[in-house]
Amino acid sequence: MQSSAYFGSSVAVKGELVAVGAPMNMQISVNSQEEEDSGSVFVYRCTHISCSFLKQLKPRIPQAYSHFGVSVTIDGDGMVLVGAPGAQMDEEATGLVYTFACSLEKEDCIELATIPSPDGVAGDMFGNRIS
């Protein structure tokens, strides 16, 4: 990870599950097919003694400058929600929230769905803050 990834700019903790956002982490972007700042979230299992890395979350289709991981939260069942306020829908940057199911038992996370901006207006920054 490059130093400008903004690792830790968002953090969520629920029990032993920890999610850490890096909204400027480099990924291969669907927009340009080149490595660009699209973002990611790193998931860990933390006990009182140590933390171990589980998985790097990123959207199925990374988008340049979507800022995936600028906000993150975890519900009581291991559902991780990730904000990407710069993500595009229908070629407009309206923002998206991605949902992932994370299991400490299986030591895995899978992307479930995306939640689009309700009105779909460009510049909405939907997903900029979630809780």
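**Notebook: two sheets, some rings and two disulfides**

I began with a single residue: Val41 has Leu57 of strand 6 as its bridge partner. I keep in mind that this is a predicted model.

**Entry 1: around strand 6**

I looked further along and found Val43 standing opposite Lys55 in strand 6. I then took the two strands as a whole. Strand 5 covers residues 40–46, and six bridges join strand 5 to strand 6, with the two running antiparallel. I asked myself how many residues lie between strand 5 and strand 6 in their hairpin. I found four residues between them.

A reminder to myself: strands of a sheet pair through backbone hydrogen bonds, in a parallel or an antiparallel way.

**Entry 2: the sheet they belong to**

I traced the neighbours next. Strands 5 and 6 belong to an open sheet of four strands, in the order 1-2-5-6, and the pairing is antiparallel. Which strands are at the edges? I noted strand 1 (10–14) and strand 6 (51–57), each of which pairs on one side only. I also looked up the turn between neighbouring strands here, and on average it is 20°, direction ignored.

**Entry 3: a disulfide at the hairpin**

I searched the whole structure for disulfides and got two. One of them joins Cys46 to Cys51, with 2.0 Å from S to S. I checked its handedness: the link of Cys46 and Cys51 is right-handed, with 115° about the S-S bond. Is Cys46 buried or exposed? I wrote down buried, because its relative accessible area is 16% and the cut-off for buried is under 20%.

**Entry 4: aromatic rings**

I counted aromatic pairs and reached four. In one of these, the ring centres of Tyr44 and Phe53 lie 5.7 Å apart with the planes at 70°, so I call the pair edge-to-face; the cut-off for that name is over 60 degrees. Phe42 joins Tyr44 and Phe53 in one aromatic cluster. Phe53 has 45% relative accessibility, so I list Phe53 as partly exposed.

I then turned to Phe68 and Tyr98, which form an edge-to-face pair with 5.1 Å from centre to centre and 75° between the planes. I liked where this pair sits, since it links distant parts of the chain, 30 residues apart. Phe68 is in the loop between strand 6 and strand 7 (71–74), while Tyr98 is in strand 11 (residues 96–103). I checked burial for both: Phe68 is buried at 0% relative accessible area, and Tyr98 counts as buried at 5%.

**Entry 5: the other sheet**

Tyr98 took me to strand 11, so I followed that strand. I found an open sheet of four strands in the order 7-8-11-12, with antiparallel pairing. Why is one side of strand 7 and of strand 12 (108–116) left without a neighbour in the sheet? Both stand at the edges and each has a single partner strand, so there is no neighbour on the other side. I noted an average turn of 20° between neighbouring strands of this sheet, direction ignored.

Inside the sheet, strand 8 (residues 79–84) pairs with strand 11 in the antiparallel sense over six bridges. I picked out Leu81, which stands opposite Thr99 in strand 11.

**Entry 6: the second disulfide**

I closed with Cys102 and Cys109, joined by a disulfide with 2.2 Å from S to S. Their link is right-handed too, at 115° about the S-S bond. I found Cys102 buried, and Cys109 as well. Numbering the bonded cysteines in sequence order, I read the pairing as 1-2, 3-4.

Terms used
Residues numbered from 1 in each chain as written. Predicted model: local features only at pLDDT ≥ 70, side-chain atom pairs only at ≥ 80, totals over all residues. Heavy atoms only, no water. Pairing = 2+ DSSP bridges. Axes fitted to C-alpha atoms, helices over the stretch in contact; angles between N-to-C directions. Phe/Tyr/Trp six-rings, centres within 6.5 Å; stacked < 30°, edge-to-face > 60°. Buried < 20%, exposed > 50% of the residue type's maximum accessible area, 1.4 Å probe, protein only. Disulfide = S-S within 2.5 Å.
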